[in-house]
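Visitor: Could you walk me through this one? I have it open and would like to go piece by piece.

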Amino acid sequence: MMDLYLTSLLEELGFKPRDSTDVDLLNVASAAISTEGFLGFYNTFAKHYSESLSNLKYEEFANRTNRATLPLESEKETSFYNAAYGLQHYLTFTKVLNDNFFIDTSDDYNVYNIVDYGCGQGIATIALLDFIAKQKKHKIHLNIHLIEPSAISINNAAYLITLFAFKHSISINISTHTYKLANINLNLHPFADMTLHLMSYILDVKEIQKDIPFLAKNIINEAQPQILIATCPKYPRAYEGFNKLFKALFANGQPNIIESDIPHYSYRITKGVYQKEVAKTISMILAF
């Protein structure tokens, strides 16, 4: 049963009762967060797809969304995405945080701005919340800005991020922006200790790459210390996106692109089986 305070918090944020089959699935997955974290959340969707023959098929999803590069339009599509891609995204972002990042715990209290570009259902921010909790940095406030053209995805993201923040006793404020990256006009907290820019699995998308000059200009104009964390599958287009972003932000030099192999056990939705896999990914961390 959901905590009364959490229920009240979700109502304040505008979340309404959910009552469709795929939304019920999200509710079940959300209930697993308090005890099993992201893995429990993911396993709910994987189990559902492994046991049902009436679910959305990969070919249908890939054709409608251009292989998940177009905004999602239904709970059925967001459920499919969680089962097909959710775990890999989470593990990829978690690895780059664990290997290359730290949270300063020397101060009693910190305020960070978080900007999650093309956030989808908020997996990068969720990985960050889990990372912060492991660093024992609970006396922190996060001003979270979610940017995502899919209304249904961004609503799910705000909902899930709220659940994970509550689980970890992390203070947050969420602002949602349902427009394309080229139209960004954020009002970031001017006295934050740092701004973190999260770009998870977006820089290989051609439409996103077109917006990189505008994105870079906005990032450069921020006054406070900044860190940008980007991850992508190990695709040629991803290297292209990483290089374009680096050149738009810095006049000289070359990006340090980190290649990683991430072994994991997951449900292969295209084959209908659970199996061991290795996700081949790249990542980049930039400090300003």
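Guide: Gladly, and please keep in mind that this is a predicted model. A good place to begin is strand β2, where the bridge partner of I114 is I144. That partnership belongs to a parallel pairing between strand β1 (residues 110-117) and β2, which runs over eight bridges.

Visitor: And what stands opposite I144 in β3?

Guide: That is I174. The pairing of β2 with strand β3 (residues 171-177) is also in the parallel sense, over seven bridges. To get from β2 to β3 the chain passes through helix α7 (residues 151-168), and this β-α-β crossover is right-handed.

Visitor: How many residues of β2 are buried?

Guide: Eight of the eight, across residues 140-147, so the strand is largely enclosed by the rest of the structure. I140, L142, I144 and L146 point one way, while H141, N143, H145 and I147 point the other way, and all of them are buried.

Visitor: Switching to the largest nonpolar core, which residues touch the most other members?

Guide: Those are F38, L142, L146 and L196, in a core of 56 residues. Helix α7 gives the most to this core, with nine residues. In general terms, nonpolar side chains in soluble globular proteins tend to be buried together.

Visitor: What is L196 in contact with, leaving aside its neighbours in sequence?

Guide: Once neighbours within four places in sequence are set aside, L196 is in contact with F101, Y112, N113, I114, V115, L128 and I227. There is also a second, separate core of 28 residues, and its members include V115, Y117, C232 and L286.

Visitor: Now helix α10. Which of its residues are buried?

Guide: A238, G241, F242, L245, F246 and L249 are buried there. These residues cover an arc of only 130 degrees around the axis, which puts them on the same side of α10. On the other side, P236 and K247 are exposed.

Visitor: Why would residues a few places apart point the same way?

Guide: An α-helix has 3.6 residues a turn, so residues three or four places apart point the same way.

Visitor: How far does α10 reach from its first C-alpha to its last?

Guide: Helix α10, residues 236-249, reaches 20 Å with its 14 residues, close to the 20 Å expected at 1.5 Å a residue. The cover over its buried residues includes β4 (194-200), α8 (206-210), α9 (212-220), β5 (226-233) and β7 (273-287).

Visitor: Is A238 buried or exposed, then?

Guide: A238, which lies in α10, counts as buried at 0% relative accessibility. Not counting residues up to four places away in sequence, A238 touches D204, C232, P233 and I282. Its C-alpha is separated by 35 Å from that of T35, and the two residues are 203 residues apart along the chain.

Visitor: You mentioned β7. Where does S283 lie, and what does S283 touch?

Guide: S283 lies in strand β7 and is buried, with a relative accessible area of 4%. Apart from residues up to four places away in sequence, S283 touches V96, A230, T231, F242, N256, I257 and I258.

Visitor: Last thing: how do β6 and β7 pair?

Guide: Strand β6 (residues 258-268) and β7 pair in the antiparallel sense over eleven bridges, and the bridge partner of Y265 in β7 is K276. The two strands form a hairpin with four residues between them, and G272 in the turn has a positive phi of about 75 degrees.

How values were computed
Residues are numbered from 1 along each chain as its sequence is written. This is a predicted model: local features need pLDDT of at least 70, side-chain atom pairs count only at pLDDT 80 or more; totals for chains, interfaces and linings use all residues. Side-chain values use heavy atoms; hydrogens and water are left out. Buried means under 20% relative accessible area, exposed over 50%, partly exposed in between (1.4 Å probe, protein chains only). Two strands pair if DSSP finds at least two bridges between them. A crossover is right-handed if, with the strands pointing away from the viewer, the path from the first strand over the helix to the second runs clockwise. A nonpolar core is a set of buried Ala, Val, Leu, Ile, Met, Phe, Trp, Tyr and Cys residues joined through side-chain atoms within 4.5 Å. Contact means heavy atoms within 4.5 Å. The expected span of a helix is 1.5 Å times one less than its number of residues. The arc is that of the directions from the helix axis to the C-beta atoms.
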